[in-house]
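Grab your viewer and work through a few exercises. Try each task yourself before you read its solution.

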Amino acid sequence: MNILKFEERFPDEESCITFFKAKREHEGVVCKKCKGKDHYWLHNKNMFQCKTCEFRTSLKSGTVMENSNLTLRQWL
């Protein structure tokens, strides 16, 4: 993908969030606290929340991006 196609596909942070959210849902989100696999998406927080224990998981959690302050767009 060249820079022009990248700019077209990911014009803002919201498009990156949507991309990473779809990837995480496809791979399956597992709760770090109770190992639950049922989650729902919190739109206002941009996080998954476990249906069992209500533990929240960010899009970066469990990835190489976990402790980074870079935006998702910068990571892409």
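Below are six exercises, each with a worked solution.

**Ground rules**

This is a predicted model: local features need pLDDT of at least 70, side-chain atom pairs count only at pLDDT 80 or more, and totals for chains, interfaces and linings use all residues. Residues are numbered from 1 along each chain as its sequence is written, and side-chain values use heavy atoms, leaving out hydrogens and water.

**Exercise 1. Work out how confident the predictor is, and where its confidence is lowest and highest.**

Step 1: start with the chain as a whole. The average pLDDT (the predictor's confidence in each residue, from 0 to 100) is 93, and 100% of the residues score at least 70.

Step 2: go element by element, taking helices (H or I, at least four residues) and strands (E, at least two) as DSSP runs numbered from the N terminus. Helix 1 (residues 3-9) has the lowest mean, 90, while strand 2 (residues 47-50) has the highest, 96.

Step 3: keep the usual caution in mind. Where pLDDT is low, predicted coordinates should not be read in detail.

**Exercise 2. Describe the overall layout of the chain: which pattern does it follow along the sequence?**

Step 1: count the elements. You should get 3 helices and 3 strands.

Step 2: put them in sequence order. The pattern reads α-α-β-β-β-α.

Step 3: look at extent and surface. The C-alpha trace spans about 45 × 20 × 20 Å along its principal axes. About 5600 Å² is exposed, with carbon and sulfur atoms supplying 50% of it; these areas come from the Shrake-Rupley method with a 1.4 Å probe, and for residues only the protein chains shown count as cover.

Step 4: check the burial. Of the 76 residues, 32% are buried, where buried means under 20% relative accessible area, exposed over 50%, and partly exposed in between (1.4 Å probe, protein chains only).

Step 5: bring in the record. An unreviewed UniProt entry places "domain: Transposase zinc-ribbon" at residues 11-54; such annotations may be inferred rather than shown by experiment, feature names are shortened, and positions are given in the numbering used here. That stretch is 34% helix and 18% strand, and its end C-alpha atoms sit 32 Å apart.

**Exercise 3. Find the largest nonpolar core and say which element gives the most to it.**

Step 1: apply the rule. A nonpolar core is a set of buried Ala, Val, Leu, Ile, Met, Phe, Trp, Tyr and Cys residues joined through side-chain atoms within 4.5 Å.

Step 2: collect the members. The largest core has 11 residues: F6, F10, C16, I17, F20, V29, W41, F48, L59, M65 and L72. Helix 2 (residues 13-27) gives the most, with 3 residues.

Step 3: zoom in on one member. Beyond residues up to four places away in sequence, C16 touches F10, L72, R73 and L76, a contact being heavy atoms within 4.5 Å.

**Exercise 4. Compare the surroundings of M65 and T57.**

Step 1: place M65. This residue is in the loop between strand 3 (56-58) and helix 3 (72-75), yet it counts as buried because its relative accessibility is 7%.

Step 2: list the contacts of M65. Setting aside neighbours within four places, they are F20, K60, L72 and W75. M65 and W75 are 10 residues apart in sequence, and their C-alpha atoms are 7.8 Å apart.

Step 3: repeat for T57, in strand 3. T57 is buried too, at 3% relative accessibility, and with the same exclusion it contacts R24, V29, H39, M47 and F48.

**Exercise 5. How many disulfides does a search of the whole structure find?**

Step 1: use the cut-off, a pair of cysteine sulfur atoms within 2.5 Å. The search finds 0.

Step 2: check C34. Its nearest cysteine sulfur, that of C50, is 3.6 Å away.

Step 3: check C53, in the loop between strand 2 and strand 3. The closest cysteine sulfur, in C31, is 3.6 Å away, so the pair is too far apart for a bond. C53 is partly exposed at 26%, and its contacts beyond four places are C31, K33 and C34.

**Exercise 6. What is the sign of phi at K35 and at N46?**

Step 1: recall the baseline. Most residues other than glycine have a negative phi.

Step 2: inspect K35, in the loop between helix 2 and strand 1 (39-42). Its phi is positive, about 65 degrees, and the residue is exposed at 58%.

Step 3: inspect N46, between strand 1 and strand 2. Phi is positive here as well, near 55 degrees, while N46 is partly exposed at 26%.
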